[in-house]
2 protein chains.
Amino acid sequence: MLIRLAKLCLISGVSGVFWSSGSLRERMFRVMSRFLSNATNRIDAKGRVSVPSAFRSVLAQRNVQELYCFQDFVFPAISVGGPDLLERFERQIAAEDPFSPDANEMSLLIHGGGVFMKLDAEGRLMVTDFIRGFTGISDEVTFVGRADHFQLWQPQAFVAAQAQARGERKLAGKRS
Amino acid sequence: MLIRLAKLCLISGVSGVFWSSGSLRERMFRVMSRFLSNATNRIDAKGRVSVPSAFRSVLAQRNVQELYCFQDFVFPAISVGGPDLLERFERQIAAEDPFSPDANEMSLLIHGGGVFMKLDAEGRLMVTDFIRGFTGISDEVTFVGRADHFQLWQPQAFVAAQAQARGERKLAGKRS
DNA sequence: GCGTATCCCATTGACGCCCATATGGTCCCA
DNA sequence: TGGGACCATATGGGCGTCAATGGGATACGC
């Protein structure tokens, strides 16, 4: 199961290169600037929601000004990161056989299913239909840190998914 | 043959030359100037539809004034790009034996299945029968970014194709 | 001359930019 | 240790700008 989770992670964009290299100082820096924990904020009348301050400062440290958002491949959640996230996907496409139907589908998802968004001066983002439709979000958003990116969840869906993941881990632990 | 054409499509669409490096400024520029995300607009009584502003500014940045449109090889969608898209196809054809059946068929699709179109002053394009017939579009158009070009889809067909691609991604991830 | 496409202008509704307020937490000082 | 000032964050809302759309008027082709 652990392996499976690791794979899931990779699928949804958490790259394994995250830890692998760089000077000690750089690694310290990265540790400091991970997306971690979760928080739930309300959507206002105009459809905006504040990105948690902790996440915003990570974005600032990484010099991320435009957010690349896409509909996650596994969960009913929107994954959000910097343009480097998109570039990683594109490299992945370029790396595998560029003639495969896989690459075509991949492009349909990451280009056609991805958006660039910007935060306003107060660090809020618009919750568009693009986000609502895919996640089921209506009036509250749960922000979930995923190391090098974060996700937008419908609050109940998140606790459910988390509970399920916890349950499977427990079983795996008893088995092994 | 079909596979071969699909390959062609991919070559031009998700080109492997993707932009691995460059100054920060250059990368910002590139991020800004690729076709990304999707949006659905209505067709008015005269059969016109507005191209999303984001796509128009990409076209402007690339100095594209005439649009080359052709019926996509794999999806029921119209692919739209600058004249460079057509030129790339033509180079591809020229690269192989000009008398081969393959080259002949490619030309049939590339040239016979393609048209040039122009936007009006407000950035709208006419939805002709050429487009309607192939895509099933009737009163709404979904614009889908594909990095170096974009596509016109019948809205429902797009969500269906995207859902299928996502499903296959998920399965592939779990399998491996 | 009639249908069709292009040009021009008007409307409106959404989004970005700006400032104001509240609320909770922290730090300092008595 | 308790109270209070201070600060940061989350949230609310006004307003201007621009994009999407609608519709009239004119040019063009069959």
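How do the residues of the surface near DNA strand D divide into nonpolar, polar and charged? In this predicted model, where local features need pLDDT of at least 70, side-chain atom pairs count only at pLDDT 80 or more, and totals for chains, interfaces and linings use all residues, they divide into five nonpolar, eight polar and nine charged. Residues are numbered from 1 along each chain as its sequence is written, while chains are lettered from A and ligands numbered from 1 in the order in which they are written.

The classes count Ala, Val, Leu, Ile, Met, Phe, Trp, Tyr, Cys and Pro as nonpolar, Asp, Glu, Lys and Arg as charged, and the others, Gly among them, as polar. A residue is near a strand of DNA if its C-beta atom, placed from the backbone, lies within 6 Å of it.

| Surface | Nonpolar | Polar | Charged |
|---|---|---|---|
| near DNA strand D | five residues | eight residues | nine residues |
| near DNA strand C | four residues | one residue | six residues |

Around DNA strand D there are 22 residues, the closest being Asn41(A), Asp44(A), Asn41(B), Asp44(B) and Ser53(B). The elements that give two or more residues to this surface are strand 1 (38–42) of chain A and, from chain B, strand 1 (38–42) and strand 2 (48–50); such strands are DSSP runs of E with at least two residues, helices are runs of H or I with at least four, and both are numbered from the N terminus. The residues that surround DNA strand C include Lys118(A), Asp120(A) and Thr128(A) from chain A, and Lys46(B) and Asp120(B) from chain B.

In chain A, six strands form an open antiparallel sheet in the order 1-7-8-4-3-5, two strands being paired if DSSP finds at least two bridges between them. Strand 1 and strand 5 (114–117) of chain A are the edge strands, each pairing on one side only. Five bridges link strand 1 of chain A to strand 7 (residues 140–145) of chain A in the antiparallel sense, and Asn41(A) has Val141(A) as its bridge partner in strand 7.

Chain B likewise has an open antiparallel sheet of six strands in the order 1-7-8-4-3-5. Strand 1 and strand 5 (114–117) of chain B stand at its edges with a single partner strand each, so one side of each is left without a neighbour in the sheet. Within chain B, strand 3 (residues 67–71) and strand 4 (residues 78–81) run antiparallel and are joined by four bridges, and Phe70(B) has Ser79(B) as its bridge partner in strand 4.
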